[in-house]
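Got your viewer open and ready? Load the model, and let's walk through it one selection at a time.

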Amino acid sequence: MRTDPGNQPDGNGYHYGGYYYGGSYGDSSDSAFNPHRGIRDILMLIRERIWWLIVIVSIVFVCAVAYTLNATEMYLSSATVQILREQDRGVEFQDVVDMSVRNTEDFNTQIKVLESIQVVQRVAERIQDSRLHGFMQPYEDQRFFWREARSLPEILVSNRSVSPVRLTLVVEIKYRHPDPEIAAYVANLFAEEFINFNLGLRMEGTWRAVDDLRARADQQQDKVEELDMQLAEFKERHKSVSFDAATDMDQQELIRLNEIRTTYKRVLDEAQTQWNMIERMREEGRPLWEARVISGAPRVADLLSRRAAQNIELAALSKQYRHRHPRMIEAVESMDQIERELQEAVVAAAELVRNNLQEARENFSKAQERIENKREEIIAMQKVRVQYSSLLRNLRVNQELYEYLYSRMQQAMAQASDDAQTARIVDRAVPAVFPHSPNTMLNLAVGLFGGLVVGFGFVFLLAFFDDKVKTAFDIESAIGLPLLGIVSRIPRMEAQQKARVVLEAGDAHAVEGFRSIYSTLKLHEEHRNAKCILTTSTIPGEGKSFVTTNFALTCGGHGERTIIVDADLRMPNIANSLGLENKNGLLQFLRGERSLDSVIVRDYAPNVDVLATGGRTKSPTQILGTDAFLNLIHELRMRYDKIVIDSPPVAPVSDALNMIPMVDGVLYVIRFNAVKRRTAHNCVRRLSESNVAVMGAILNDISTSVAGYYYSHYYDKSYSDYYVAGSDDAPDNEPASKPPAEPARL
């Protein structure tokens with residue numbers, strides 16, 4: 001087994017030389033490439049089923065044409081109505097039932113009223129007699145209307161449309177009918193009945209409001225009368241005509257009493273001060289007449305004056321006479337008399353001050369008591385006044401409410417007699433000159449577009465359930481292999497010619513396809529150095545033997561000594577496709593019956609030898625797993641630059657799995673639209689578990705038209721002239737065009 005340090009297992013897949021192989025379906029998180037289904041993959045799905053698309057589009061388009069030719073001509077008439085923000089009236093008063101349009105919600109409400117079944121029924125009631133016969137006649141003709149005749153309201157609803165004009169308060173009312181006169185007549189009826197219906201709603205609501213307001217006003221009047229009676233009884237009970245006037249008088253009386261109390265208080269303070277002075281002078285032992293209140297008394301003042309004069313007289317007599325002198329004795333006695341009278345006068349004056357203090361106290365106390373009594377009277381009056389005010393306020397509120405209800409009732413009665421409108425007709429409908437439907441161009445366009453939509457939907461539905469490998473996306477994403485190249489289909493050629501197509505240059509497209517595969521492998525270091533390559537496929541019939549022989553011939557054409565080994569011991573095909581006998585070959589050598597040189601067909605083509613199977617066997621795994629086969633591979637490695645082994649498909653048998661450990665790489669052949677993605681994915685996963693690089697996939701047997709259109713990066717149909725021109729100048733023993741120079745080894 002050849003050991004390759006570049007092979008690194010990773011989960012369900014492995015990395016090889018910068019590529020990632022295997023892994024779960026659609027999982028490319030660890031991949032060096034990230035395939036996506038491109039526009040070319042989608043176009044390929046469509047082109048593969050193009051006839052389904054054409055048939056479905058044709059059927060839908062023909063149905064649209066048939067419908068257009070058999071449809072009844074319908075005429076459309078339109079009336080426009082303006083929704084008024086405020087009701088149109090001659091006299092201004094406040095609305096009881098407000099139907100004004102102030103915002104979008106109000107406008108949408110009017111639209112819904114216009115679309116309501118009530119308006120439809122009112123219109124149906126107005127279509128009578130001859131108008132009704134002409135209206136219903138087209139619907140009774142079963143050639144144009146597939147269902148049975150419907151009721152008049154149903155027909156009106158199905159053929160009427162209401163369309164608000166954007167950014168306006170204008171509404172278009174459209175009606176369609178086979179008769180243009182009837183279409184215009186019915187459109188106008190809808191406009192008129194909408195206005196009449198709104199007017200009826202407003203009138204009905206207004207009269208209901210009048211009745212309600214009248215009942216409430218009567219109740220309120222009774223309540224006002226009851227409160228008026230309660231107020232009169234309250235005045236009688238408290239014997240007061242006006243509580244406000246009584247309260248004012250009490251307040252004035254309280255002010256007057258406060259002034260009197262203030263005066264008494266001042267007198268009391270003065271008397272108290274005078275008495276306190278007298279008491280203090282008594283405690284200090286000072287004569288009381290020194291106090292101004294005592295000395296100011298007339299009697300005391302007179303006695304003090306007499307006392308002073310007597311003292312002067314005594315002083316003068318004492319200078320002339322001695323104290324026993326009669327005049328001195330008389331003067332002293334007069335002085336004593338004055339002193340006694342002074343003492344009595346002082347005592348009387350002090351008593352007068354005390355009496356004044358007592359009187360001031362009594363006066364102040366009485367004034368204070370009168371104030372307190374008046375305050376109690378005022379508080380009691382305030383309580384009564386609160387009750388009175390409450391009754392009076394309640395009476396006034398109810399009177400105002402009664403007046404408001406009565407005023408609203410008068411307004412409602414005036415509104416009920418007013419014919420104000422909430423909408424008006426701007427343009428009346430007129431009979432149409434040309435039919436509105438069927439619209440031939442629109443129906444044909446819809447038929448074509450609808451056919452394309454249905455056709456593409458059906459095509460993609462088929463593609464969804466189709467699990468065959470067709471695109472590069474399927475190979476790279478679903479199977480998990482890089483696409484090395486494609487080999488176009490070779491028409492009108494025998495099997496032996498196909499096996500030698502590279503040698504004989506029988507098909508320039510196929511030859512260039514194999515050259516592209518060879519060059520792609522040379523671009524990578526590991527693939528360039530791979531000597532032993534095994535080709536296999538998923539199921540039989542995918543062209544692996546065809547790829548094996550032509551790939552080997554391509555390698556030989558590039559100067560590499562190559563041998564083709566047919567290891568399909570169950571159904572060998574290499575010898576037959578190359579026109580060789582299959583009597584001696586691999587089986588005879590492994591059994592020891594023949595030598596290696598005797599079983600190898602030398603120089604089948606320049607630089608190309610062939611080792612056939614030499615027959616068939618029922619136990620190929622016992623032969624391919626022997627040391628003899630391993631030694632054979634080792635011997636061939638020393639003799640040849642390239643060993644290309646054709647092996648059985650992987651899905652039905654496991655022969656290829658026994659040989660994989662002996663090779664350097666695997667070429668996986670997939671036939672276009674022949675194998676299921678799931679099956680191919682499982683087979684590649686089994687191969688990847690061997691830790692040998694699966695170099696990539698080769699998509700085989702794809703038509704040149706499909707290849708050129710969907711795989712332009714591998715093959716472009718516009719290059720065909722270049723291939724042919726190169727073929728004319730090439731030698732007979734070489735491919736049609738000289739391959740590009742081998743790139744420098746990395």
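**Stop one: two crossing helices**

The crossing of α4 and α6 is right-handed, meaning that the near helix is turned clockwise from the far one by less than a right angle (anticlockwise would be left-handed). Before you select them, a word on the model: it is predicted, so local features need pLDDT of at least 70 and side-chain atom pairs count only at pLDDT 80 or more, while totals for chains, interfaces and linings use all residues. Residues are numbered from 1 along each chain as its sequence is written, and side-chain values use heavy atoms, with hydrogens and water left out.

Now select residues 117–126 for α4 and 152–159 for α6; these helices pack at an angle of about 120°, with their axes 9 Å apart. Axes here are lines fitted to C-alpha atoms, for helices over the stretch in contact, and angles run from 0 to 180 degrees between N-to-C directions. The two helices are therefore oblique to each other (under 35 degrees is roughly parallel, over 145 roughly antiparallel, 65 to 115 roughly perpendicular, and the rest oblique). Show side chains: Ile117, Val120, Val123 and Ala124 in α4 meet Leu152, Pro153, Leu156 and Val157 in α6. Contact means heavy atoms within 4.5 Å.

**Stop two: the whole chain**

Zoom out and color by secondary structure. The protein chain has 27 helices and 15 strands; helices (H or I, at least four residues) and strands (E, at least two) are DSSP runs, numbered from the N terminus. Of its 746 residues, 43% count as buried, which means under 20% relative accessible area (over 50% is exposed, in between is partly exposed; 1.4 Å probe, protein chains only).

**Stop three: the sheet**

Which order do the strands follow in the open sheet of eight? Trace β8-β15-β14-β9-β13-β10-β12-β11, and you'll find that the pairing is mixed. Two strands pair if DSSP finds at least two bridges between them. At the edges stand β8 (483–488) and β11 (600–605), each with a single partner strand, so one side of each has no neighbour in the sheet. From one strand to the next, the twist averages 25°.

Next, select β10, residues 562–566. Five of its five residues are buried: Thr562, Ile564 and Asp566 point one way, and Ile563 and Val565 the other way. β10 pairs with β13 (residues 642–646) in the parallel sense over five bridges. Look for threonine 562 opposite lysine 642, and isoleucine 564 opposite valine 644. Four bridges also join β10 to β12 (residues 608–611), again running parallel, and there valine 565 has leucine 611 as its bridge partner.

**Stop four: a residue in β9**

Is cysteine 532 buried or exposed? Cysteine 532, in strand β9, is buried, with a relative accessible area of 0%. Away from its neighbours within four places in sequence, cysteine 532 is in contact with several residues, including Ile633, Arg637, Ile643 and Met662. Isoleucine 645 is 113 residues from cysteine 532 in sequence, yet their C-alpha atoms are 7.5 Å apart in space.

**Last stop: helix α25**

Select residues 677–688. Helix α25 lies across β9 (532–537), β14 and β15, running at about 170° to β14. Add α13 (residues 472–479): its axis and that of α25 come within 9 Å and cross at roughly 50°. That makes α13 oblique to α25, and the crossing is right-handed. To finish, show Asp474, Ala478 and Ile479 in α13, which meet Arg677, Ala680, His681 and Val684 in α25.
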